[in-house]
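Here are a few informal notes for someone opening this structure for the first time. Have it on screen while you read.

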Amino acid sequence: MTWNPFLLVYQLIQYIIAKLLSPTPPSPHAKLSRPRIAVIGAGLTGVSSAAHCVGHGFDVVIFEAGGRDQLGGIWARVNNTSGLQIHSLMYRFHPQVQWSNGYPTRQQIIDAIEDVWKTYHLEDKTKFGVRVERVWQESDEKWFVNSEEYGKFDGIIAAVGTCGDPKMPHMRGQETFEVNSGPRSRIQTHQYVGGGASAVEALEYASAAKAEKTTILARSDKWIIPRNAIVDMLLAFNVFGQEIYISWIPEFLLRRFFYRDLEDLAPKKGLFMETPMVNSDVLDKIREGSAAWLRGDILSFDKTGIWFSQRSKGVPPGGPGREIHVDADIVVMATGFSRPSLKFLPEECFDEPYNPPNWYLQTFPPTHRTICANNCTYVNAIGTVGNYHIGIYTRILLMFLVDPLTRPRPGLMKLWINFTRFLKIRSPTPAFDFFTYTELMWWYVFCVAINPFRWKWALFVFFGIGDKLPLTVVEAEDKVREVIGMEEFNSMQNRKD
């Protein structure tokens with residue numbers, strides 16, 4: 001094994017972070033006394049959120065619709081050939097996680113999720129095979145999940161993610177196609193691509209299967225960015241979270257130095273409008289002739305392949321194109337996943353114009369500030385779904401639950417949403433349909449800075465440390481409110497909100 005000084009430094013940094021910032025796991029069967037949280041979903045986000053909760057003394061119950069084999073969410077269902085496309089530096093979904101390399105495999109990711117799940121003794125707190133159909137509040141503002149069987153909860157963390165069941169659209173003549181069952185050395189795999197991540201997944205699967213040639217049939221153009229941590233982080237530094245007057249610079253550099261002779265595959269639309277694919281192999285495989293990327297629309301299947309309308313760059317989906325036949329031995333339907341439903345949440349969470357993703361910090365519905373839809377509502381972004389923000393969102397919810405003076409009123413939550421829309425009024429996409437990781441960090445800073453009563457929680461919110469001092473202050477504030485009779489006032493305000 002080759003000694004790598006950069007990897008050694010990376011592992012040392014991870015070790016230090018784990019020691020300093022990992023919440024202390026409770027002892028097995030410990031009785032946790034702080035507010036009780038229902039976590040819906042046992043994927044990466046659900047397990048991480050629950051670990052943060054119990055690590056800070058909050059009791060949880062995790063509800064997972066699938067069986068024990070579904071622990072890990074989407075990572076439990078994808079192919080074994082799958083791996084992390086972005087650098088693991090941007091996929092540290094819990095402080096305890098310590099990656100051994102820059103690009104972990106699917107199994108390494110599953111192992112990391114299970115390790116967090118077991119370390120924080122979440123086995124006894126996870127209800128497998130329980131699909132959440134409904135959550136509702138009683139007059140005391142406590143939550144119930146499905147029925148009264150599981151008791152009352154103080155808060156809800158929806159962690160169902162954005163990847164549900166596979167999309168399997170039926171296409172004309174699909175049943176007439178005959179799969180070539182001959183030797184694998186002769187296989188040609190052709191994919192209809194419905195999403196960026198699915199395209200990469202299909203290409204990796206075909207390469208692992210020793211396909212002679214892979215042809216990706218793409219209905220729309222998507223940006224591809226290098227599998228390089230520095231480049232990816234620099235792109236995420238656009239704090240405005242939208243196309244701006246200097247966006248042409250990274251777009252020009254990508255076309256000139258990454259796409260190079262394949263510039264025709266680069267989209268005409270801006271980079272900061274849609275989630276890009278992260279992969280450095282796709283373009284190389286096209287250059288060497290082992291892969292092809294065709295832009296157009298699938299017309300129909302026949303016995304030996306696919307009839308395809310190949311469009312020129314800039315022609316929209318469904319527009320005119322050149323009709324060609326693409327021979328195929330195997331067709332992989334890489335059409336992505338449907339978005340899991342949030343219909344179990346109260347109906348008022350979806351009232352326009354404050355329906356998801358147009359929520360406070362994109363995760364808290366203005367009508368219910370004790371609901372946190374962690375990693376459920378984003379549409380497009382340059383960043384990562386499995387990183388630092390999972391803990392921040394969770395700790396903001398915990399802050400709201402234990403400190404009444406930090407809770408935003410519905411009117412102020414809506415004001416923040418409208419303010420963000422105003423800041424992004426020139427964006428080619430709706431304000432919350434695209435963001436960057438730096439913009440997300442700005443949201444958090446603004447959230448804490450705007451309310452002086454949240455200042456004492458800053459270290460806790462951002463790093464998960466220093467919760468004892470603010471809790472002591474909250475206890476003192478509670479006594480003051482009791483003396484001056486503010487409890488009744490606060491109750492009236494809550495009812496008014």
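The points below follow one helix and its surroundings.

1. A caveat before anything else: this is a predicted model. Please read every point with that in mind.

2. Start with helix α2, residues 44-55. Its length checks out: with 12 residues at 1.5 Å a residue, α2 should span 16 Å, and its end C-alpha atoms are indeed 16 Å apart.

3. Is α2 buried or exposed? It's mostly covered, with 12 of its 12 residues buried. That takes in L44 at the start and G55 at the end, and residues such as H52 and S48 are buried too.

4. What do those buried residues pack against? On the strand side of the list there are β1 (34-40), β2 (58-64) and β6 (155-158). The helices are α3 (106-119) and α8.

5. The α8 neighbour deserves its own look. Helix α8 covers residues 389-402, and its axis comes within 9 Å of the α2 axis, crossing at roughly 50 degrees. The two helices are therefore oblique to each other. As for handedness, the crossing of α2 and α8 is right-handed.

6. Now zoom in on that contact. From α2 come L44, T45, S48, S49, H52 and C53, while α8 brings I390, G391, T394, R395 and L398. Sorted by class, the contact has six polar, four nonpolar and one charged residues. On spacing, an α-helix has 3.6 residues a turn, so residues three or four places apart point the same way.

7. One last detail to look up: G57, just after α2, takes a positive phi of about 90 degrees.

Technical notes:
Residues numbered from 1 in each chain as written. Predicted model: local features only at pLDDT ≥ 70, side-chain atom pairs only at ≥ 80, totals over all residues. Heavy atoms only, no water. Axes fitted to C-alpha atoms, helices over the stretch in contact; angles between N-to-C directions. Helix = DSSP H or I, 4+ residues; strand = E, 2+ residues; numbered from the N terminus. Parallel < 35°, antiparallel > 145°, perpendicular 65-115°, else oblique. Left-handed = near helix turned anticlockwise from the far one by under 90°. Contact = heavy atoms within 4.5 Å. Nonpolar A, V, L, I, M, F, W, Y, C, P; charged D, E, K, R; others polar. Expected span 1.5 Å × (residues − 1). Buried < 20%, exposed > 50% of the residue type's maximum accessible area, 1.4 Å probe, protein only.
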